[in-house]
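Colleague: Thanks for making time for this. Could we go through the model together, one strand and one cavity at a time?

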Amino acid sequence: MQRALQLAERGLYTTTPNPRVGCVIVHQQKIVGEGAHLKAGEPHAEVYALQQAGQHARGATAYVTLEPCSHHGRTPPCADALLKAGVVKVIAAMVDPNPLVAGKGLAYLQAHGIETQHGLMETQAKGLNPGFILRMSQQMPWVRSKIAASLDGKTAMANGHSQWISSEASRLDVQHWRARSCAILTGIGTVLADNPQLTVRDIPDARQPLRVVVDSQLRMPMDARITQGGSTMIAYATDSLQRTSYWADQGVTLFHAPDAQGQVCLNTLLKHLAHCQMNEVMVEAGQGLNGALIARQLVNELLMYYAPKLMGGQAHNMLAMPSLTHMSQAIDLNITDIRQFGADIRVLALPEYASAVT
């Protein structure tokens, strides 16, 4: 199963909206076939592994990181392929949260005389597909907020200057997180201050995520770099400048989602992204949007890079949130990983309200 999980990682940047899945076929204690799902519409991991195994699949055990599908989608059911190949046992790391499968694949195999088990290395398997699991179970994407800050928790100077807080090694690591994301979410404040493009760079053959800008008053500059070099969506509440027709003509997707205060409803926006089959959404924004997402408990994971710098009390904070008056109001974090990139320390953490997918 460990090998199957390694194989599944080959699809880390490419399988969306499908899950990352790996499969290993074992016959008489020897691996006879391996496979990974790499792209939606292409064969699933089980098919590649069975092709490699050939006749050795008869009487073999299949280790797969996700329950084999039993329905016709873009490809035929993997449960049928395993049955026809003569596999006698299937061990799945986890049950598929997709309602179209959700135990039906394992039940189908059992009904046709194949022994099944699930739960082996389940935590690791779930860690590969947090967005797919959350989208299938709660109709929301996995939101990962990336923040680069000084050791005193500042993200930009008082005048807005912020390039570069983090090291080159940290910025390269960020590219890998972008590449695995379906969408990059930012705010109009970041666009106006930094004019970023927010594309994936330095990752060979990487797919470009959708760039999504929260722009309540539709103030997007007509020459903004984020509207170039890929797909862009602007989420807005009002169009006082009469720019919707212009952006539609430029091929930019517009999503109207006002809340009662005349701002973009972030919950509605994220639900819409899930409806558009976005599994993982990476936030690269300033203190306003980050603070609003955290305050609404919409962030599932924090990806924080701390640089060995001190920027002073007047610099911008990591999060703009309502003032807290008691320690019981503080948001507790569960740190899942700490490592060093260049001179920086990278911390991965889950807010306590957003425990790991189950």
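Modeller: Happy to, and please keep in mind that this is a predicted model. A good place to begin is strand β12 (residues 280-283), which runs parallel to β6 and is joined to it by four bridges.

Colleague: Which residue of β12 is the bridge partner of Arg144?

Modeller: Arg144 belongs to β6, on a side that also holds Trp142, Lys146, Ala148 and Ser150. Its bridge partner in β12 is Met282.

Colleague: And which residue in β13 stands opposite Ser145?

Modeller: Strand β13 (residues 301-307) pairs with β6 in the parallel sense, over seven bridges. In that pairing, the residue opposite Ser145 is Leu302.

Colleague: How many residues of β6 are buried?

Modeller: In a regular strand, side chains alternate between the two faces of the sheet, so each face deserves its own check. On one side of β6, Trp142, Arg144, Lys146, Ala148 and Ser150 are buried, and on the other Val143, Ser145, Ile147 and Ala149 are buried too. With buried meaning under 20% relative accessible area, the count for residues 142-150 is nine of nine.

Colleague: Nice. Now for the cavity: which residues are closest to the centre of the largest one?

Modeller: The count gives one cavity of 30 Å³ or more, and the largest has a volume of about 80 Å³. Of the 16 residues that line it, the closest to its centre are Thr16, Asn18, Arg20, Asn279 and Glu280.

Colleague: How many residues of that lining are polar?

Modeller: The lining of the largest cavity includes four nonpolar and four charged residues. The polar ones number eight.

Definitions and conventions: Residues numbered from 1 in each chain as written. Predicted model: local features only at pLDDT ≥ 70, side-chain atom pairs only at ≥ 80, totals over all residues. Heavy atoms only, no water. 1 Å grid on protein atoms, 1.4 Å probe; cavity = no way out; pocket = protein on both sides within 12 Å on 5 of 7 lines; lining within 4 Å. Points joined across faces, edges and corners; volume = space filled by probe spheres on them. Nonpolar A, V, L, I, M, F, W, Y, C, P; charged D, E, K, R; others polar. Buried < 20%, exposed > 50% of the residue type's maximum accessible area, 1.4 Å probe, protein only. Helix = DSSP H or I, 4+ residues; strand = E, 2+ residues; numbered from the N terminus. Pairing = 2+ DSSP bridges.
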